[in-house]
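Biologist: Could you take a close look at the metal site for me, and then walk outward from there? Keep it chatty, but give me the numbers.

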Amino acid sequence: MNTNYIEHIGIAVTDLQESIAYYEDVLGLECYAVEEVADQKVKTAFFRVGQTKIELLESTSPEGPIAKFIEKRGPGIHHIAFAVNDVNEALSCAKEKGLKLIDETSRKGAEDLDIAFLHPKSTGGVLTELCSHWEMKLNDIIFPC
Ligand code: ZN
């Protein structure tokens, strides 16, 4: 799998506005986008920190995965996302190595990225997201697993 950099860190929050205020007023970052991802039942807020982003996740439904995560573990780091050249190719690499996948193929996430999740049972307890930007596909280089 060709992993380029940490694309973002996903953080589960109970109150998006309150958390945005912390990242802006204390850490001095700028929230450049707030977006609702209906199929994941979340509202997201994004901040850039160099090449990496912080993605705040607030559940829009008590049945959503973020609400359930907070119920079990409290607010905090929810997942880490690695930028790869091609999500589907990375998924087949992971599958070949015997990892448990949450998504068998890529789907659209926030910011129109292709995304897919690996199961934390196979990744040392860290929910792991793979994502790619369309630009990355322009210089699609095939790396061996
Ligand atoms: Zn994410």
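Modeller: Here's a tour that starts at the zinc ion and then moves on to the pocket and a few loop residues.

One caveat before the numbers: this is a predicted model. The zinc ion has H8, E55, H79 and E129 as its coordinating residues, with distances running from 2.0 to 2.3 Å. On the histidine side, H8 and H79 each use NE2, while E55 and E129 each bring in an OE oxygen. Along the chain, the donors follow the pattern H-x46-E-x23-H-x49-E. Take H79 and E129 as a pair: H79 sits in strand 5 (residues 76-84) and E129 in strand 8 (residues 128-132), so this pair links distant parts of the chain, 50 residues apart. Both H79 and E129 are buried, which means that each has under 20% relative accessible area.

What about the geometry? The 4 donor atoms subtend angles of 84 to 175° around the zinc ion, and that spread is why the arrangement comes out as irregular. To count as tetrahedral, four donors would need all their angles between 85 and 135 degrees. For reference, the ideal angle for four tetrahedral donors is 109.5 degrees.

Now for the empty space. The largest pocket holds about 650 Å³. Its lining comes to 31 residues, and those nearest the centre are P65, I66, H78, F117 and L127. Helix 2 is the top contributor to that lining, with 6 residues. At least two lining residues each come from strand 3 (42-49), strand 4 (52-59), helix 2 (65-73), strand 5 and strand 7.

F117, one of the residues nearest the pocket centre, leads us on to D103. The side chain of D103 reaches the backbone nitrogen of F117 at 2.8 Å. D103 itself is placed in the loop between helix 3 (87-96) and strand 6 (107-108). With a relative accessible area of 9%, D103 is buried. Leaving out residues up to four places away in sequence, D103 touches L91, A116 and F117.

D103 also has a side-chain partner in R107, through a polar contact of 2.9 Å. R107 is in strand 6, and its relative accessible area of 25% makes R107 partly exposed. With residues up to four places away in sequence again left out, R107 touches D39, Q40, L113, D114, I115 and F117, so F117 turns up in the contact lists of both D103 and R107, where contact means heavy atoms within 4.5 Å. R107 and V87 are 20 residues apart in sequence, with their C-alpha atoms 9.2 Å apart in space.

Two more loop residues are worth a glance. T123 lies in the loop between strand 7 (114-118) and strand 8. The T123 side chain reaches the backbone oxygen of H119 at 3.4 Å. Beyond residues up to four places away in sequence, T123 touches L99, L118 and T128.

K41 is in the loop between strand 2 (31-37) and strand 3. Its backbone is the thing to check: phi of K41 is near 55°, a positive value in a residue other than glycine. Most residues other than glycine have a negative phi. At 34% relative accessibility, K41 counts as partly exposed.

Methods: Residues are numbered from 1 along each chain as its sequence is written. This is a predicted model: local features need pLDDT of at least 70, side-chain atom pairs count only at pLDDT 80 or more; totals for chains, interfaces and linings use all residues. Side-chain values use heavy atoms; hydrogens and water are left out. Donors are N, O and S atoms within 2.8 Å of the metal (3.2 Å for Na, K and Ca); water is not among the atoms, so sites may look incomplete. Four donors count as tetrahedral if all angles lie between 85 and 135 degrees; four count as square planar and six as octahedral if opposite donors are over 155 degrees apart and all others between 65 and 115; anything else is irregular. Helices (H or I, at least four residues) and strands (E, at least two) are DSSP runs, numbered from the N terminus. Buried means under 20% relative accessible area, exposed over 50%, partly exposed in between (1.4 Å probe, protein chains only). A polar contact is a pair of N or O atoms within 3.5 Å; within protein, one must be able to donate a hydrogen and the other to accept it, and residues adjacent in sequence count only if both atoms are side-chain atoms. On a 1 Å grid over the protein atoms alone, a cavity is a set of points where a 1.4 Å probe fits but cannot get out, and a pocket is an open set with protein on both sides within 12 Å along at least five of seven lines; lining residues have an atom within 4 Å of a point. Grid points are joined across faces, edges and corners, and a volume is the space filled by probe spheres set on the points.
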